Amino acid sequence: MANYLIKALLPAGLEDLLPPEAGQEEVAGDAAAGEALFNSNSVSACSACHSTGDDKIVGPGLSGVYARAGIRTSLDADAYIEQSLREPQAFLVPEYPAVMPSFDKFSDGEVLDLIAYLKTLN
C-alpha cells in the first residue's frame, strides 16, 4: 500500500514515522542552514577560502564536491566531508597547501547542515 494511503489512516502528527517513498532519498541536515554557516561572517567562514563554483581561492572550488567526495577515499561522501572538516590534514587534495584549519567545533547537526548544502553545489 502506498504511503499516501497509510498517511490518510494515521493519526495526525505521525506521518514522519513512515519510511520515504521509493526513489525519495531522506536528506539529513538543512541545506539553508548549511549555506548560512558556509557564508557566516566568522573568521573561519568556508567562503573565505572556497568558491561554490570551480574557481580556486585558497582551497579548491566546491562545485560537484559531493560527487567527487565519494570516490576520493574508501569513505562514503558524507564521511569524507565530515573527516575533511574535523581532520582536514587526513586527506589532502593534490596541489593544495595543508592550511585548512580543523572545524571540530562544529556540532554534528552543523556538519549535517554543511553536507546537505554541499550536496546542492552541482
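Buried means under 20% relative accessible area, exposed means over 50%, and partly exposed lies in between. The exercises below use this scale on a predicted model.

**Exercise 1. Describe the overall make-up of the protein chain: how many helices and strands does the secondary structure hold, and what share of the residues is buried?**

Solution. Start with the elements. The secondary structure comes to five helices and zero strands. Read from the N terminus, the order is α-α-α-α-α. Next, take the burial: 27% of the 122 residues in the protein chain are buried. Last, consider the contacts with a separation of 6 or more. Residues 24 or more positions apart account for 44% of these contacts.

**Exercise 2. Determine how helix α2 and helix α5 are packed, and which residues make the contact.**

Solution. Two packed helices are described by the angle between their axes and the distance between the axes. For α2 and α5 the angle is about 95° and the axes are 7 Å apart. Angles of 65 to 115 degrees count as roughly perpendicular, and α2 is therefore roughly perpendicular to α5. On the α2 side the contact is made by A31, A33, G34, E35, L37 and F38, and on the α5 side by E110, D113, L114, A116 and Y117. Sorted by class, the contact of α2 with α5 has seven nonpolar residues, one polar and three charged.

**Exercise 3. Classify the ring pair of F38 and Y117 as stacked, tilted or edge-to-face, and state whether each residue is buried or exposed.**

Solution. The count of aromatic pairs in the model comes to three. In the pair of F38 and Y117 the ring centres are 5.5 Å apart and the planes stand at 55°, so the pair is tilted. The cut-offs behind this step are under 30 degrees for stacked and over 60 for edge-to-face. As to position, F38 belongs to helix α2 (residues 31–38) and Y117 to helix α5, and the two are 79 residues apart, so that the pair links distant parts of the chain. F38 has 2% relative accessibility and counts as buried. Y117 has 7% relative accessibility and also counts as buried.

**Exercise 4. Do the same for the rings of Y80 and F91: which class does the pair fall in, and where do the two residues lie?**

Solution. The centres of the rings of Y80 and F91 lie 5.8 Å apart and the planes are at 75°, so the pair is edge-to-face. Y80 sits in helix α4, while F91 is in the loop between α4 and α5, eleven residues apart. Now turn to accessibility. Y80 is buried, with a relative accessible area of 5%, whereas F91, at 29% relative accessibility, counts as partly exposed.

**Exercise 5. Work out how helix α4 is arranged against α3 and against α5.**

Solution. Take α3 first. Helix α3 (residues 65–72) and helix α4 (residues 77–86) pack at an angle of about 95°, and their axes are 7 Å apart. The two helices are therefore roughly perpendicular to each other. Y66, A69, G70 and R72 of α3 make the contact with A77, D78, Y80 and I81 of α4. Five of the contact residues are nonpolar, one is polar and two are charged.

Then take helix α5 (residues 108–119). Its angle to α4 is about 120°, with the axes 10 Å apart. That makes α4 oblique to α5. The crossing of α4 past α5 is right-handed. The contact involves D78, I81, E82, L85 and R86 of α4 together with D108, V111, L114, I115, L118 and K119 of α5. These residues of the contact of α4 with α5 divide into six nonpolar, no polar and five charged.

**Exercise 6. Place L112: in which helix does it lie, and which residues does it touch?**

Solution. L112 lies in helix α5. At 37% relative accessibility, L112 counts as partly exposed. Leaving aside residues up to four places away in sequence, L112 touches A28 and G29. L112 and A31 are 81 residues apart in sequence, with a C-alpha to C-alpha distance of 8.6 Å.

**Exercise 7. Describe the backbone and surroundings of E95: what is its phi, and is E95 buried or exposed?**

Solution. Most residues other than glycine have a negative phi. E95 is not a glycine, yet has a positive phi of about 75°. E95 is found in the loop between α4 and α5. With 76% relative accessibility, E95 counts as exposed.

Technical notes:
Residues numbered from 1 in each chain as written. Predicted model: local features only at pLDDT ≥ 70, side-chain atom pairs only at ≥ 80, totals over all residues. Heavy atoms only, no water. Axes fitted to C-alpha atoms, helices over the stretch in contact; angles between N-to-C directions. Helix = DSSP H or I, 4+ residues; strand = E, 2+ residues; numbered from the N terminus. Parallel < 35°, antiparallel > 145°, perpendicular 65-115°, else oblique. Contact = heavy atoms within 4.5 Å. Nonpolar A, V, L, I, M, F, W, Y, C, P; charged D, E, K, R; others polar. Left-handed = near helix turned anticlockwise from the far one by under 90°. Phe/Tyr/Trp six-rings, centres within 6.5 Å; stacked < 30°, edge-to-face > 60°. Buried < 20%, exposed > 50% of the residue type's maximum accessible area, 1.4 Å probe, protein only.
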